[in-house]
Amino acid sequence: MANISTRFFGLDLQSPIIAGSSSMTGHAEQVLKLAEAGAGAVVLKSIFEEEIFAELQEELSMRSGLNSDPEYLDYFDYVIKEDTLRKYLKLISEVKAKTTVPIVASINCVSSSEWTLFARKIEEAGADALELNMFITPSDPAKSNDSSENFYLETIQKVLHVVKIPVTVKISHYFSNLAGMVQKLAATGVAGIVVFNRFYNPDVDIESESVVVADVLSTSHDYLLPLKWTGILSGIVDVDLAGTSGIHTSETAIKFLLAGASAVQIASVIYPSGASVITKMNREISDWMDKKGYKTIDEFKGKLSQKTSSAQAWERTQFMKYFGEKAFK
Amino acid sequence: MSTNKEYLQNEREKEWRVELRKKIANKERTAKERVRMNEMDPFERIKYQNREVNLGLTAEQAQAEAARCLDCPNPTCMEGCPVSINIPKFVKYIEAGQFLDAAKALKETSALPAVCGRVCPQEKQCESTCFYTQKMKKDPVAIGYLERFAADYERESGFMSIPEVAPSNGIKIAAIGSGPASLSFAGDMIKLGYDVTVFEALHEIGGVLKYGIPEFRLPNKIVDVELNNLKKMGVKFVNNFIVGKTVSFDDLKAEGFEAFFVASGAGLPRFMGIPGENYNGILSSNEYLTRVNLMNAASDEFDTPVIRGKNVAVIGGGNTAMDSVRTAKRLGAERAMIIYRRSRAEMPARVEEVHHAEEEGIEFINLANPIEYFADEKGKVNRMRVQRMGLGEPDASGRRRPIVLEGSDFDIPVDLVIVAVGVSPNPLIPSALSDLKVSKWGTIEVGEETMQSSIPQLFAGGDIVRGGATVILAMGDGRKAAENMHEYLQSKHQ
């Protein structure tokens with residue numbers, strides 16, 4: 001039986017299948033189920049600074065009838081954040097006490113002071129690593145590329161300055177020079193980069209003519225964009241990569257490993273299939289490796305990356321002759 | 001005491017009021033300027049922790065100000081008063097020169113007029129709904145100053161009136177905590193003939209009025225006079241007594257107490273949870289003010305003096321922050337600073353307190369938020385890092401939301417930091433009663449109209465219900481709870 005252990009988050013993982021951050025990983029019981037099913041690591045549900053703000057708004061709205069002293073309303077600025085953090089830190093220590101599988105905390109903040117504050121507390125609570133779930137919506141035309149990019153880099157540096165646990169970063173593909181940016185991120189000293197963040201998306205209902213919430217879960221075809229960039233980036237940056245979005249089968253997971261990822265993060269597929277999908281994927285990866293004669297993941301990791309295969313295969317973006325030669329009804 | 005429309009109308013139509021209205025034409029009344037409070041000189045007053053800043057009005061000033069009041073047929077000012085003081089009645093008594101009657105009118109519905117006249121945010125309550133403010137866009141009648149005048153006059157006259165008390169009905173009830181909500185509750189219940197005992201955990205009666213509000217704003221002797229009034233009416237006070245620890249509710253029930261009013265306040269200090277907050281020299285406003293106000297910590301002759309900083313930063317923008325920073329100034333701070341993350345416009349403190357603080361040389365560093373503290377080799381704070389904030393869109397409280405300005409961090413040398421970012425409800429009572437329904441923030445849940453909790457014989461009000469309330473709102477809760485507990489007990493005894 002092949003050895004499917006790998007390394008990501010600067011940690012040795014028993015499997016390349018990581019349970020990614022999702023609503024499931026916000027509950028101790030489910031985190032433990034995922035760990036028992038054989039996950040290489042479990043990334044806890046992200047703490048979102050924006051979520052804390054939304055809760056604050058809800059509380060303030062409820063308080064209007066009570067004529068609360070505004071001094072007391074100020075107090076909620078602090079207490080809601082503290083309460084959210086306290087629950088999160090409790091989750092970390094609770095699951096850490098019950099499993100040896102690495103537990104990774106995940107945070108998404110707006111300001112760099114909050115990123116560093118949360119990071120310190122998370123380290124104190126005993127998390128094995130920290131994933132920075134970073135994203136600034138590039139929708140402000142007045143903001144320069146540099147200011148956004150510098151925010152990422154400076155925030156990471158500040159976090160790295162205050163914690164000793166490994167720090168990884170989960171990013172989106174919204175950068176004008178993605179490869180250049182990933183290289184800069186790698187140079188900060190992060191222990192890995194996850195491509196790409198999956199976002200809440202709006203959709204349009206044409207009957208009610210309103211903006212609605214799009215399907216939240218990924219489909220099994222969503223993996224192509226992160227796979228492409230794993231192939232391109234793994235050849236040019238010196239940092240561990242993990243792919244995520246649309247990875248529903250062991251076959252897709254193997255594609256990422258071949259493209260150069262050290263691991264993959266899965267979430268959507270666990271909702272319908274349960275934690276056992278991790279056990280199944282682990283077994284199928286091992287079977288495939290046996291069939292191919294690979295004893296370790298390192299033997300084939302990055303075998304098809306841009307560095308070792310055709311650059312054009314990964315970088316081609318136009319269909320050219322492909323559709324031109326296809327017939328239609 | 002009833003405050004319904006018919007009663008108010010009858011009072012207004014009494015001969016003396018009608019005559020008084022005729023004496024001065026409304027045009028003449030409205031042409032008068034609002035009186036200015038007499039104040040102690042800022043340079044002089046900062047030398048004393050226990051000398052009051054506001055000196056009160058003279059009788060002439062008070063009568064002139066009272067004459068501005070139009071004695072409206074529909075006194076909208078009363079809508080802004082949580083304890084429904086008959087405002088036109090007491091104001092007109094002042095105009096008529098019958099100051100003792102004015103004080104008596106105040107005591108019909110308020111157990112603490114001298115206190116309210118000093119610490120109520122009148123600009124947000126009665127004065128905000130005064131005819132002058134609402135219809136004429138002019139400075140309102142100085143209701144707060146007049147309230148203080150009447151209460152002070154009565155006290156200094158030596159002719160303190162004691163409100164009438166109904167014959168005893170023999171029903172024992174308890175109030176837990178001795179702050180404004182409890183005192184107001186006790187005042188109403190004793191008038192109705194109940195056997196009222198107020199239990200206080202600290203060694204002094206008065207709750208936040210004593211431990212929280214410095215003497216330069218509310219002298220303890222003023223509070224004591226009001227407490228003595230309640231004692232004379234028959235209210236019993238037991239201090240150094242923690243209900244839920246010293247004895248249980250069951251013990252009190254066994255002693256014959258039939259109902260309880262919990263007003264145990266919000267005395268659990270909060271911190272920001274930022275790095276370095278545990279260094280020496282960083283303390284909560286609760287600790288700082290309680291030690292200075294109640295434990296003589298400002299005096300070096302006592303065993304546990306408080307730290308006297310030269311560069312003192314107070315974090316927060318409410319009245320507690322103002323009280324702390326002004327106390328620090330009086331204790332010798334060369335640089336006493338308010339550090340608040342929102343702008344001046346969003347500061348929750350009373351306008352008068354901010355104005356007084358400014359006069360006293362307090363430095364306001366607005367739109368700034370502490371993010372870390374640093375210490376010397378002995379672990380004593382010597383520097384704080386602050387980040388600049390901007391203002392975003394208004395949040396659900398209507399105030400603009402503070403937003404971090406990245407890269408704007410700067411350091412301020414400090415040797416004393418007082419954190420005044422709010423307090424949590426006192427957890428003692430909720431933890432002693434498993435059947436008591438509490439919110440996720442630890443406040444006791446009560447019916448909005450009745451103040452009755454999930455335990456029928458237990459009513460609650462003030463900060464333990466609201467989380468944070470002004471003195472007068474807490475007093476309003478006490479009155480509402482008294483009315484409903486009375487109804488509950490009467491139906492039980494029928």
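In the predicted model, the hairpin formed by β10(A) and β11(A) has 4 residues between its strands, and A:Glu209 adopts a positive phi near 50 degrees there. The two strands, β10(A) and β11 (residues 210–213) of chain A, pair in the antiparallel sense over 4 bridges. Within this pairing, A:Val204 is placed opposite A:Val211 of β11(A).

A cis peptide bond occurs between A:Val195 and A:Phe196, with omega near -5 degrees. A:Phe196 belongs to the loop between β9 (193–195) and β10 (202–205) of chain A.

Chain A also contains a helix pair. Helix α7 (residues 224–234) and helix α8 (residues 250–259) of chain A have axes that come within 8 Å and cross at roughly 20 degrees. Angles under 35 degrees count as roughly parallel, and α7(A) and α8(A) are therefore roughly parallel to each other. On the α7(A) side the contact is made by A:Leu227, A:Thr230, A:Gly231 and A:Ser234, and on the α8(A) side by A:Lys255, A:Phe256 and A:Ala259. Sorted by class, this contact has 3 nonpolar, 3 polar and 1 charged residues.

Chain B is assigned to three domains: domain 1 (5–38 + 48–157), domain 2 (172–267 + 425–493) and domain 3 (269–423). A distance of 30 Å separates the C-alpha centres of domain 2 and domain 3 of chain B. Between these domains, 12 residues of domain 2 of chain B are in contact with 12 residues of domain 3 of chain B. The side of domain 2 of chain B that touches domain 3 of chain B has 5 nonpolar, 3 polar and 4 charged residues.

An open sheet of 5 strands is found in chain B, with the order β3-β2-β1-β4-β16 and parallel pairing. The edge positions are taken by β3 (236–238) and β16 (458–460) of chain B; each has a single partner strand, so one side of each is left without a neighbour in the sheet. From one strand to the next, the twist averages 25 degrees. Helix α20 (residues 471–493) of chain B packs on this sheet and touches β1, β4 (257–262) and β16 of chain B. The direction of α20 makes about 160 degrees with that of β4(B).

Inside the sheet, strand β1 (residues 172–176) of chain B is joined to strand β2 (residues 195–199) of chain B by 5 bridges, and the two run parallel. One of the residue pairings is that of B:Ala174 with its bridge partner B:Thr197 in β2(B).

Two residues of chain B that are not glycine have a positive phi, as tabulated here.

| Residue | Phi | Loop in chain B | C-beta neighbours within 10 Å |
|---|---|---|---|
| B:Asp71 | about 50 degrees | between α5 (59–66) and α6 (87–95) | 20 |
| B:Met451 | about 65 degrees | between α18 (428–432) and β16 | 29 |

Are these residues buried or exposed? A residue is buried if 20 or more other C-beta atoms lie within 10 Å of its own. B:Asp71 has 20 such atoms and is therefore buried. B:Met451 has 29 C-beta neighbours inside 10 Å and so counts as buried.

The two chains meet at an interface in which 26 residues of chain B are in contact with 22 residues of chain A. On the chain B side, the residues that touch chain A divide into 11 nonpolar, 11 polar and 4 charged.

Key. Residues are numbered from 1 along each chain as its sequence is written. Chains are lettered from A and ligands numbered from 1 in the order in which they are written. This is a predicted model: local features need pLDDT of at least 70, side-chain atom pairs count only at pLDDT 80 or more; totals for chains, interfaces and linings use all residues. Axes are lines fitted to C-alpha atoms, for helices over the stretch in contact, and angles run from 0 to 180 degrees between N-to-C directions. Angles under 35 degrees count as roughly parallel, over 145 as roughly antiparallel, 65 to 115 as roughly perpendicular and the rest as oblique. Two residues are in contact if their C-beta atoms, placed from the backbone, lie within 7 Å. Ala, Val, Leu, Ile, Met, Phe, Trp, Tyr, Cys and Pro count as nonpolar, Asp, Glu, Lys and Arg as charged, and the others, Gly among them, as polar. Two strands pair if DSSP finds at least two bridges between them. A residue is buried if 20 or more other C-beta atoms lie within 10 Å of its own, exposed if 12 or fewer, and partly exposed in between; C-beta atoms are placed from the backbone. Domain bounds come from an automatic or database domain assignment.
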